Amino acid sequence: LYTQDSPYRVSNQELQEFCPKFEGITNVEGTDYLILENMLKDRANASCMDIKVGSKTYTDDMAADKIERCKAKTAKTTSGSVGYRITGIIMKDKEGNIVKSHTKKEGMDKITADSLPEYLREFATDPMTSEVNESAIDFFVDRLSSILTWFKTVNERYFISSSLFFVMDHTQDEFDVKMIDFGHVGEHNGRDMEYIEGITNIIAHWKEAKRGKKSSSCCNIW
């Protein structure tokens, strides 16, 4: 993504807009590691949410038993029904105290597609005032729409088990969303329809969250 000699240099430059900034390389005990932007820097009171995008959560070179486990898990979560699932939400008050937490341990994998817009709306709601930050929702929809356009235009790679990381700082009225987790990205001849399906539905669910309505069905990815 960040190397200048990549065969995907042109499309990478477009993609970088949606990813954490590259801040260098550090070597730890002989191994090089990328240094990427910390999206929570100077945002001690910010809430955050991780959404895993795509209905395919395995690569074809994995062991057969692991592939079957991944398929079984996907079938039981909203990854299978709408192409994405919320893997965690942490909400903080103006003092930086965690006031709400939704994690895998707390049953996050058991939520239904119909309730997803409610979780998104809750994330955009100030826990101290109960006011929904509609400007943040508009920003999320706009940014995700730009990412969707990239995926519909660039037909050269697939993204498996990649995530979208949302930050919502009600104290400073700051918000952001970026793509993270690129451990399973590979060459692909054609559109990454699993990612397109997921992000299309996330956009639609954010719009429903703004209206304060539940989702009744998944959406047209075209």
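Start with strands β1 (22-28) and β2 (31-36): each supplies at least two residues of a nonpolar patch. Keep in mind as you click around that this is a predicted model. Now show the side chains of Phe22, Ile25, Leu34 and Leu36, which make up that patch on the surface, about 370 Å² of it.

Stay on Leu34 for a moment, which you'll find in strand β2. Is Leu34 buried or exposed? Its relative accessible area is 52%, and the cut-off for exposed is over 50%, so Leu34 counts as exposed.

**Next stop: the sheet**

Select β5, β4, β3, β7 and β8. These 5 strands form an open sheet, in just that order, with antiparallel pairing. Which strands sit at the edges? They are β5 (98-103) and β8, each of which pairs on one side only. On average, neighbouring strands here are turned by 15 degrees against each other, if you ignore direction. As a reminder, strands of a sheet pair through backbone hydrogen bonds, either parallel or antiparallel.

Zoom in on the β5 edge. Strand β4 (residues 84-92) runs antiparallel to β5, and 5 bridges join the two. To see one of the partnerships, pick Lys92 and look across to Ile98 in β5, its bridge partner.

**Last stop: the aromatics**

The structure holds 8 aromatic pairs. Take Phe140 and Phe175: their ring centres are 6.4 Å apart and their planes are at 75 degrees, so this pair is edge-to-face. Try colouring by secondary structure here, since the pair links distant parts of the chain: Phe140 is in helix α5 (residues 134-153) and Phe175 is in strand β8 (residues 174-180), 35 residues apart. You've met β8 already, as an edge strand of the sheet.

Keep Phe140 selected and add Trp206. These two also form an aromatic pair, this one tilted, with 5.1 Å centre to centre and 40 degrees between the planes. What does this pair tie together? Phe140 lies in helix α5 and Trp206 in helix α6 (residues 193-211), so the pair ties together parts that are 66 residues apart in sequence.

Now switch on the surface. Why does Phe140 count as buried? Because its relative accessibility is 0%. Trp206 is buried too, with a relative accessible area of 0%.

To finish, add Phe139, Phe166 and Phe175 to Phe140 and Trp206: together they form one aromatic cluster.

Methods:
Residues numbered from 1 in each chain as written. Predicted model: local features only at pLDDT ≥ 70, side-chain atom pairs only at ≥ 80, totals over all residues. Heavy atoms only, no water. Patch = residues over 30% accessible without salt bridge, like charges linked within 9 Å, V, L, I, M, F, W, Y side chains within 5 Å. Areas by Shrake-Rupley, 256 points an atom, 1.4 Å probe, with all protein chains shown as cover. Salt bridge = Lys/Arg side-chain N within 4 Å of Asp/Glu carboxyl O. Helix = DSSP H or I, 4+ residues; strand = E, 2+ residues; numbered from the N terminus. Buried < 20%, exposed > 50% of the residue type's maximum accessible area, 1.4 Å probe, protein only. Phe/Tyr/Trp six-rings, centres within 6.5 Å; stacked < 30°, edge-to-face > 60°. Pairing = 2+ DSSP bridges. Axes fitted to C-alpha atoms, helices over the stretch in contact; angles between N-to-C directions.
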